[in-house]
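Visitor: I would like to go through this model with someone who knows it. Could we begin with the ligand and then turn to the sheets?

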Amino acid sequence: MARDSKYDILFEPVTIGPKTLKNRFYQVPHCNGAGSEKPGMQAYNRGMKAEGGWAAVCTEYCSIHPESDDIMRVSARIWDDEDARNLSVMCDKAHEHGALAGIELWYGGPHAPCMESRHQPRGPFQIASEFEINTYPRYMDADDIRLVQRYYVDAAIRARQAGFDIVYVYGAHSYLPLQFLSPYYNKRTDAYGGSFDNRARFWRETLEKVREAVGDDCAIASRFAVDTLYGGSGVQVGTDGVRFVEHADHLVDLWDLNVGDIAEWGQDAGPSRFFPENHQKPYIEPIRAGNHTNKPVVGVGRVTSPDTMVKVIQSGQLDIIGAARPSISDPFLPRKIEEGRLDDIRECIGCNVCISRWEIGGPPLICTQNATAGEEYRRGWHPEKYSPAANADKSVLVVGAGPAGMECAMVLGKRGMSAVHLVEAAPEIGGSVNWISLLGHGDGKENLFRGTARGLGNWKHIVTYRTIQLDKLKNVEVHTGTRLSTAEVRDYGAEIVVIATGCHWARDGMNSATHEPIAGADPAADWQVTPDEVVLGTKTVGPRVLVLENEGYFMGVSVAQKLAGEGHDVTLVTQASDVGSYMEFTLEAPMMHRDLHRLGVHLYPSTMVERLDPGHVTAYNVWNPEHKEHFDVDTVVMCTGRVSDDELYRELKADPAALRAAGVENAYLIGDAAAPRMIADSIFDGHRLAREIDAPDPAIPLPFIRERRIWGEVTNKDYEDQLRG
Ligand code: SF4
């Protein structure tokens, strides 16, 4: 199909200085865990997006010197020619597909703890970082300023040599250039502090020097948070935001504009549970609308709808559609719009699980929606191409159509298996996502700062994308409302069986804190409920509720938010020192904390339930078990542990002779039925099994390329050649 002409505007070229973007799709800098030390992953991850139609692909933040070292997290680095050589592979991959390659030159100031290099970061003023612990910068005198500007120039020259087309002087997320500009960081009284002109001087001079060094060959970009959201103590769009764009407009070829800082950068990478698509519009639009720049502007806001993209361009809000998460979830987003295949778009759900891996520090990029993200090089996976399975003549029965089962059946179908039957006991496919996506609305009112509790409705894209894909596959049949017994599975007629029957919440209170059931836990008690029962309304919840939250991620807090929003008096108890701790990594935590406070939820961190009695809960402080807490409640929500529903698999496995007699070659266990984990992990598990269904033993994942130094070896080329044939 050809593209709809209403989207033509998205495919117009845009000139940025000496370079031209072939269309308006631009992968802004975002972390992927590759840095400069996993050049294969870096190149293939960005290269895949270039192949998918993005006109530019950028590195993540790229350190320009050991003084800006962010270990334990993974940044790119361009400290020397060897780093440049590693990054040059990414440039080659981008160019192969007609895309430009961008590099985001980064100096962190006090936000660079320098744990590997042991250097001292320099900063405009000696105030400890609000993001890192106990990290102070060294005050920059005039010599230091010249020195750091030299670092930028040296890095820019190396970047040009590596083949980069776009060179950023990165000042968003409260890094060094913005630290000079913002009075929140800059308390200087010399020529680099005080007045706007003085505070802007460092950034302006650095742009001048970088432009002079490489501006004839490379487009110069700057990422700028036009509003740091601190009010008058930081940068505000209506004052310094607009002023700086006007001040430095002649020095850049492209503005990459956003909002927020590093300590709460979820205001920029807004999770869908608090922010709608294009949520940065109120801050970015005034720059263009007020004619404050003559240069192209790129911006973000998890824009996934092609119609929204058109509006964003036509309204003059932006010239270029920037994307980080939408490009991770679907590297082929531009190509699909161009080819009129909108229903094939794998839409980002805004869960921020991708970000969580970088925040944790080091593991490669993952994505809930796109199991191939980060696997392009090391496993050789392509998000849109599937090799025919060597055993494609076999028939497969997948039991359970939750995230793992849906993904597995879809990939098996795309690999051309002769017949794939996906059989689900519930009336609809989707598994736990169907009720999870109903969570998180609270009372739907505004947060205490920015963002509104919008709920997890966008997570339903997990189901809709796979439903559409499964419908298109002629070799896949989906049967719902069908619960198969062990004998029925065995006698179904399939040669390969995959069990993806999910998991359930523990009803005896077995939990990660004590590794024991909880005294008084009783599945038959109508006043004890599990999260799914709350959402589905299968048990009644009384006015006074205690939520026992042992999970550490979104479930307990989401249930508390829902019930408090409905008017219940809610107490939340967790053994952890903070509620929903993993949400720190997904950037949802600050907004969630504000919402729970606004809703009046009573929080008891470092507290564990000791026993449950009708109408009463006894708990203790985990640091002093003698210190008891007593709660009079009507209902207890048991968000404790989860338990795999693996009986079917265990029974099949217990009788291999019967399996063989029925013609079943093998049975596999995937997703939560194997081990309850995140949705992203379940989807990956289903995808992995289907990708390797023709491997010698599909139950055991094939090895992947590990980009590492091997003593005495220069490269792992032989292994790569073997993998790629
Ligand atoms: Fe989007 Fe979630 Fe994938 Fe990140 S992990 S790209 S937020 S779907």
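Visitor: Which helices each supply at least two residues of the shell around the ligand?

Guide: Bear in mind that this is a predicted model. The ligand sits in the second largest cavity. Two helices, spanning 325–329 and 353–360, each give at least two residues to the shell around it. They are helix 9 and helix 11.

Visitor: Which helix gives the most to the shell around the ligand?

Guide: Helix 9 and helix 11 both reach the threshold of at least two residues. The helix that gives the most supplies three residues. That is helix 9.

Visitor: How do the residues of the shell divide into nonpolar, polar and charged, and which come nearest to the ligand?

Guide: The shell around the ligand divides into seven nonpolar, five polar and one charged. Of the 13 residues around the ligand, five come nearest. These are Cys-348, Cys-351, Asn-352, Cys-354 and Cys-367.

Visitor: What is the order of the strands in the open sheet of five?

Guide: The pairing in this sheet is parallel. Its edge strands, each pairing on one side only, are strand 19 and strand 22 (602–604). The full order is 19-26-20-21-22.

Visitor: How many bridges join strand 26 to strand 19, and how many to strand 20?

Guide: Both pairings are parallel. With strand 19 (residues 528–529), Val-636 is the bridge partner of Gln-528, and Val-637 is that of Val-529. With strand 20 (residues 544–549), Leu-548 stands opposite Met-638. The counts are two bridges to strand 19 and five bridges to strand 20.

Visitor: How many of the residues of strand 26 are buried?

Guide: In a regular strand the side chains alternate between the two faces of the sheet. In strand 26, Thr-635, Val-637 and Cys-639 point one way and Val-636 and Met-638 the other way, and all are buried. For strand 26 (residues 635–639) the count is therefore five of five, with buried meaning under 20% relative accessible area.

Visitor: Which residues lie on each side of strand 14, and with which strand does strand 14 pair over five bridges?

Guide: Strand 14 (residues 395–399) is mostly covered, with five of its five residues buried. On one side are Ser-395, Leu-397 and Val-399, and on the other Val-396 and Val-398. Ser-395 stands opposite Ala-419. The partner, running parallel over five bridges, is strand 15 (residues 419–423).

Visitor: Why is one side of strand 23 and of strand 25 left without a neighbour in the open sheet of three strands?

Guide: The three strands follow the order 23-24-25 with antiparallel pairing. Strand 23 (607–613) and strand 25 (624–632) stand at the edges, so one side of each lacks a neighbour in the sheet. Neighbouring strands here are turned by 25° against each other on average, direction ignored. The reason asked for is that each of these edge strands has a single partner strand.

Visitor: Over how many bridges do strand 24 and strand 25 pair?

Guide: Strand 24 covers residues 616–621 and pairs with strand 25 in the antiparallel sense. Val-617 stands opposite Phe-631 in strand 25. The pairing runs over six bridges.

Visitor: Why does Val-237 count as buried?

Guide: Val-237 is found in helix 6 (residues 237–248). A residue is buried if its relative accessible area is under 20%. Val-237 meets that cut-off because its relative accessibility is 13%.

Conventions. Residues numbered from 1 in each chain as written. Predicted model: local features only at pLDDT ≥ 70, side-chain atom pairs only at ≥ 80, totals over all residues. Heavy atoms only, no water. Pairing = 2+ DSSP bridges. Helix = DSSP H or I, 4+ residues; strand = E, 2+ residues; numbered from the N terminus. Axes fitted to C-alpha atoms, helices over the stretch in contact; angles between N-to-C directions. Near = heavy atom within 4 Å. 1 Å grid on protein atoms, 1.4 Å probe; cavity = no way out; pocket = protein on both sides within 12 Å on 5 of 7 lines; lining within 4 Å. Sits in = over half its atoms within 2 Å of the grid points. Nonpolar A, V, L, I, M, F, W, Y, C, P; charged D, E, K, R; others polar. Buried < 20%, exposed > 50% of the residue type's maximum accessible area, 1.4 Å probe, protein only.
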